[in-house]
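Reader: I'd like to go through some labels and ask how each one was earned. Could you walk me through them?

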Amino acid sequence: MANATGPQMAFYGTGAATFGYPEGMTVADFVPDRVKHMVLDHWYNYPPVNPMWHYLLGVVYLSLGVISIAGNGLVIYLYMKSQALKTPANMLIVNLALSDLIMLTTNFPPFCYNCFSGGKWMFSATYCEIYGALGAITGVCSIWTLCMISFDRYNVICNGFNGPKLTQGKATFMCALAWIISVGWALPPFFGWGSYTLEGILDSCSYDYFTRDMSTITYNICIFIFDFFLPASVIVFSYVFIVKAIFAHEAAMRAQAKKMNVTNLRSNEAETQRAEIRIAKTALVNVSLWFICWTPYAVITIQGLLGNTEGITPLLTTLPALLAKSCSCYNPFVYAISHPKYRLAITQHLPWFCVHEKDPNDVEDNQSSNTQQTQEKS
């Protein structure tokens, strides 16, 4: 039965058509002439994907965009509304939310539009470069912010009161540094070092990691080392020692409780340390999700950089890229839902969310009041 819909029908003319694409047709045949020069030779080796993929990816990306905007917008809103959340550590979290928010708001509308417009790049070559640069800036900013969050957790958990404190000024500097690094590495392709090109099923744009010239190779090597391997190493280093500190702390607490012949220790210091450990565990989950999302794309990039392009199909590139962008949806919910202070802010400022978090101060006041009443009755 003839398939009478979809962009492939433009190549059938007025004659009878059978299901599928004409022999010899490639994924690059859908690209408008104004951006044909941005299609790498590699993509001419592959036939077009089933049109279903364009629509499916468009729906997925649309869903990710809505979730990311809602989640990251919520984190930023609560930070602005709640005075209790305006701490140096939360400033780093908000910087991560801002980066993730910009990533999806600038990337998902063009991608979805392309997917629902026949599966081709509908904009200019210049906007393709801008699209790629925005994705690069926000992606690099996110990993460096996560790197800084990880190091801050390491400092708090492992060094305790002996370590340097994170002040508002230091946090501001760290946030600014993350943006400076990300913008600094995204600009060189506009000046001839590296380049941005159409990618995968050619609905989006990203780094060129296929061209075998010195400019592209050296740029991608630097990007991998300074914007993935280096911050990732700091993150791994931080959490290896954080996990060791958590186990050592828990063992010490159990040993102390056993000596005192009590079930557990409930001192203020213990509660403070326990809260910090909970935050560290939350951040560890968040960083793990980041690695799960970005590693497949990094592997494909390195594979292309090494010249081993066999098997890198359009879909094999597009799906990891989409997975990488999805990390912007997880960050706000991991922090906002798990962190008691964020839950308390939601309870206070957005009661219709039906999140009922008790204020620790109110609990302490009630306990003090009950104790006082008991003493008066005695």
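Reader: What makes you say that helix 5 bends, and where?

Author: Happy to explain! The bend at a residue is the angle between axes fitted to the seven residues ending there and the seven starting there; at Ile225 in helix 5 this angle is about 30°. This is a predicted model, where local features need pLDDT of at least 70, side-chain atom pairs count only at pLDDT 80 or more, and totals for chains, interfaces and linings use all residues. Residues are numbered from 1 along each chain as its sequence is written, and side-chain values use heavy atoms, with hydrogens and water left out.

Reader: Why is the pair of Trp121 and Phe123 called edge-to-face?

Author: Rings of Phe, Tyr and Trp (its six-membered ring) pair if their centres lie within 6.5 Å; planes under 30 degrees apart count as stacked, over 60 as edge-to-face and the rest as tilted. The centres of Trp121 and Phe123 are 5.5 Å apart and the planes meet at 70°, so this pair is edge-to-face. Trp121 also pairs with Tyr127, with 6.2 Å between centres and 25° between planes, which is stacked.

Reader: How do you know whether Trp121 is buried or exposed?

Author: Buried means under 20% relative accessible area, exposed over 50%, and partly exposed in between (1.4 Å probe, protein chains only). Trp121 has 0%, so Trp121 is buried.

Reader: And why is Phe123 called partly exposed?

Author: Its relative accessibility is 25%, so Phe123 counts as partly exposed. Tyr127, at 26%, is partly exposed too.

Terms used
Helix = DSSP H or I, 4+ residues; strand = E, 2+ residues; numbered from the N terminus.
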